[in-house]
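Subject: Structure handover

Dear colleague,

I am passing on the structure we spoke about, and below it you will find my notes on what turned up when I went through it. Please keep the model open beside the text as you read.

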There are 2 protein chains.
Amino acid sequence: MSKLDVKKLDCSVAQTLNQIGERWTLLIIRDAFHGIKRFDDFQTQLKISPTVLSARLQSLTKNGILEKRKSHLDGRAFEYVLTTKGLDLYPVLLSLMAWGDKYMPNNAGPRMKLLDKKTQQPIRPVHVLAADGRVLSAKDVVVRPASGSDEKMRSLINYRSGG
Amino acid sequence: MSKLDVKKLDCSVAQTLNQIGERWTLLIIRDAFHGIKRFDDFQTQLKISPTVLSARLQSLTKNGILEKRKSHLDGRAFEYVLTTKGLDLYPVLLSLMAWGDKYMPNNAGPRMKLLDKKTQQPIRPVHVLAADGRVLSAKDVVVRPASGSDEKMRSLINYRSGG
């Protein structure tokens with residue numbers, strides 16, 4: 001598949017996948033959420049080739065998802081930390097995680113617990129919610145074109161309402 | 001990168017990416033959520049080669065995300081529809097979409113409107129929420145090992161608490 005072909009689609013999902021839609025990239029982001037910062041630590045965790053890791057870190061930095069900065073502890077070392085844009089991927093990460101836990105579970109139980117730091121209570125599962133808080137499935141949601149819908153997007157949206 | 005390497009990680013995100021972590025795969029899922037069912041319609045929307053599309057549809061069917069069935073309208077034609085497992089990817093899709101709309105916007109405005117079918121009101125943005133409904137960022141969440149954490153997962157989790 002070609003990255004260029006996907007770039008042509010003016011769709012938020014396509015644009016997003018262009019920046020993060022690759023297995024290693026999303027696993028690097030996952031590790032960054034776990035607090036991993038150093039090149040060597042990413043490599044140890046992911047068992048990934050230095051060449052691939054270096055390319056992925058560079059692309060994540062170029063896209064403003066990670067920031068490369070000098071380590072506070074060792075001025076000669078660099079570390080990669082999530083920017084605000086990167087941190088905003090948290091719902092993506094947790095919804096991927098919940099789906100994996102549901103459909104590809106570890107037989108011994110959940111792989112990790114996620115607790116609200118303030119109350120130490122488990123956080124809620126990530127759901128799609130109505131304004132009044134009802135949990136919605138795709139079948140409860142209507143899609144309408146908006147000011148930023150190009151012709152391709154309108155055809156995709158109208159497909160549903162039409163068919 | 002090798003698919004096998006990623007398979008070895010007992011992590012919900014890694015396992016999920018093994019089934020859906022590829023650009024075309026996620027765009028096929030996006031189109032299926034828009035109600036596209038037929039091979040030719042996926043191809044028209046995605047401008048993807050028939051060989052690639054066929055391989056991706058086969059893998060999505062094998063993984064139980066799409067179901068291949070005979071069309072109700074034309075018994076000789078086949079269609080691909082989301083299973084319950086596939087429909088459960090809705091929070092993943094909407095969180096990817098929201099992130100793309102925020103960071104790679106179309107200058108003319110939002111690309112589509114998502115309305116609650118029952119009330120015709122906009123749905124809520126996908127957020128990570130505390131039990132009491134507060135919106136949480138990654139910094140508000142503590143990660144703890146659970147019964148299904150293998151050694152690799154424990155090392156990843158402890159990295160954060162340790163460092």
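A first point of orientation concerns a loop: Q120(A) sits in the stretch of chain A that joins β3 (112-116) to β4 (141-145). Its backbone deserves a look, since the phi of Q120(A) is positive, near 65 degrees, although the residue is not a glycine. As background, most residues other than glycine have a negative phi. Is Q120(A) buried or exposed? Q120(A) is exposed, because there are 9 other C-beta atoms within 10 Å and a residue with 12 or fewer is counted in that class.

Please bear in mind throughout that this is a predicted model, and that confidence has to be read along with the coordinates. For chain A the mean pLDDT is 89, with 91% of the residues at 70 or more. Within chain A, the lowest confidence falls in α1(A), with a mean of 53, while the highest is found in α6(A), at 97. Where pLDDT is low, the predicted coordinates should not be read in detail. For the complex, the predictor reports an ipTM of 0.90 and a pTM of 0.90.

Next, the relation between the two chains. Chain A can be superposed on chain B by a rotation of 180 degrees with 0.0 Å of shift along the axis, at an RMSD of 0.0 Å. The two copies are therefore related as by a two-fold rotation axis.

The contact between them involves 85 residues from chain A and 85 residues from chain B. On the side of chain A that touches chain B, at least two residues each come from a list of elements that includes α1 (3-7), α2 (12-20), α3 (23-33) and α8 (151-162), with β3 and β4 also among them. The greatest contribution to that side is made by α7(A), which gives 13 residues. Sorted by class, the side of chain A that touches chain B holds 47 nonpolar, 19 polar and 19 charged residues. Because 100% of the interface residues of chain A are also interface residues in chain B, the copies meet through the same surface.

Strands pair across the two chains as well: β4(A) and β3 of chain B, residues 112-116, run antiparallel to each other over 5 bridges. Within this pairing, V141(A) has D116(B) in β3(B) as its bridge partner.

Chain A on its own is divided into domain 1 (3-88) and domain 2 (127-163). Taken over C-alpha atoms, the centres of these two domains of chain A are separated by 30 Å.

Finally, some details of chain B. In helix α2 of chain B, residues 12-20, 8 of the 9 residues are buried, and among them are V13(B), L17(B) and I20(B). K47(B), by contrast, is exposed, with 10 other C-beta atoms within 10 Å; it lies in the loop between α4 (39-46) and α5 (50-62) of chain B, and has a positive phi of about 45 degrees although it is not a glycine. F39(B) belongs to helix α4 of chain B and counts as partly exposed, with 17 C-beta neighbours inside 10 Å. From C-alpha to C-alpha, F39(B) and P91(B) are 25 Å apart in space, and in sequence they are 52 residues apart.

With best wishes

How values were computed
Residues are numbered from 1 along each chain as its sequence is written. Chains are lettered from A and ligands numbered from 1 in the order in which they are written. This is a predicted model: local features need pLDDT of at least 70, side-chain atom pairs count only at pLDDT 80 or more; totals for chains, interfaces and linings use all residues. Helices (H or I, at least four residues) and strands (E, at least two) are DSSP runs, numbered from the N terminus. A residue is buried if 20 or more other C-beta atoms lie within 10 Å of its own, exposed if 12 or fewer, and partly exposed in between; C-beta atoms are placed from the backbone. Two residues are in contact if their C-beta atoms, placed from the backbone, lie within 7 Å. Ala, Val, Leu, Ile, Met, Phe, Trp, Tyr, Cys and Pro count as nonpolar, Asp, Glu, Lys and Arg as charged, and the others, Gly among them, as polar. Two strands pair if DSSP finds at least two bridges between them. Domain bounds come from an automatic or database domain assignment. Copies are superposed by least squares on the C-alpha atoms of residues with pLDDT of at least 70 in both. pLDDT is the predictor's confidence in each residue, from 0 to 100.
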